Amino acid sequence: MGSFAPNSYGLFDMIGNVQEWCWDMYDPEYYRDSPETIPAGPAVSSFTPRLLSVFVSRGGSWRDLAFNCRLTRRIVYYQRNRTNYLGFRPARGL
């Protein structure tokens, strides 16, 4: 199955390959007042500069220190940036 043991949700190899580009817009203050379960993220980013599309990147990649390879890591990512350490994970509801 996976290269490593599954996490507590039974999922394999969820972090460490590439950072995940998320659909959520980036707002550094969003989680202060967000819903406790399944926060969808803000509809519009309050992060400056507002002229750029600013999204969330989660997790870590092959180029990060081990400390940064965790699902709770959220960083700002500008839509027009291109790197070899950022990707996305297609998901489907059941």
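Both Arg73 and Asp64 are buried, a good place to begin a tour of this predicted model. These two residues are joined by a salt bridge, in which the closest N and O atoms lie 3.3 Å apart. The count of salt bridges in the model comes to 1.

Arg73 and Asp64 also share a contact partner, Gln19, which touches both of them. Gln19 belongs to strand E1, a stretch covering residues 19-25. With a relative accessible area of 2%, Gln19 is buried, because this value falls under the 20% cut-off. Neighbours within four places in sequence set aside, the contacts of Gln19 include Ser57, Arg58, Gly59, Gly60 and Ser61. Further along the chain, Gln19 also meets Ile75, Tyr85, Leu86 and Gly87.

Attention can now turn to a second residue, Phe55. Strand E2, made up of residues 54-58, holds Phe55. The relative accessibility of Phe55 is 12%, under the 20% limit, so this residue too counts as buried. Again without neighbours within four places in sequence, Phe55 is in contact with a run of residues that includes Trp21, Cys22, Trp23, Asp24 and Met25, and these five fall within the span of strand E1, residues 19-25. Tyr26 is another contact of Phe55, as are Ile75, Val76, Tyr77 and Gln79.

The pairing of Phe55 with Gln79 deserves a closer look. Along the chain these residues are 24 residues apart, while their C-alpha atoms are separated by 6.7 Å. Ile75, finally, links the two parts of this account: this residue appears among the contacts of Gln19 and also among those of Phe55.

Note on methods: Residues are numbered from 1 along each chain as its sequence is written. This is a predicted model: local features need pLDDT of at least 70, side-chain atom pairs count only at pLDDT 80 or more; totals for chains, interfaces and linings use all residues. Side-chain values use heavy atoms; hydrogens and water are left out. Helices (H or I, at least four residues) and strands (E, at least two) are DSSP runs, numbered from the N terminus. Buried means under 20% relative accessible area, exposed over 50%, partly exposed in between (1.4 Å probe, protein chains only). Contact means heavy atoms within 4.5 Å. A salt bridge is a side-chain nitrogen of Lys or Arg within 4 Å of a carboxyl oxygen of Asp or Glu.
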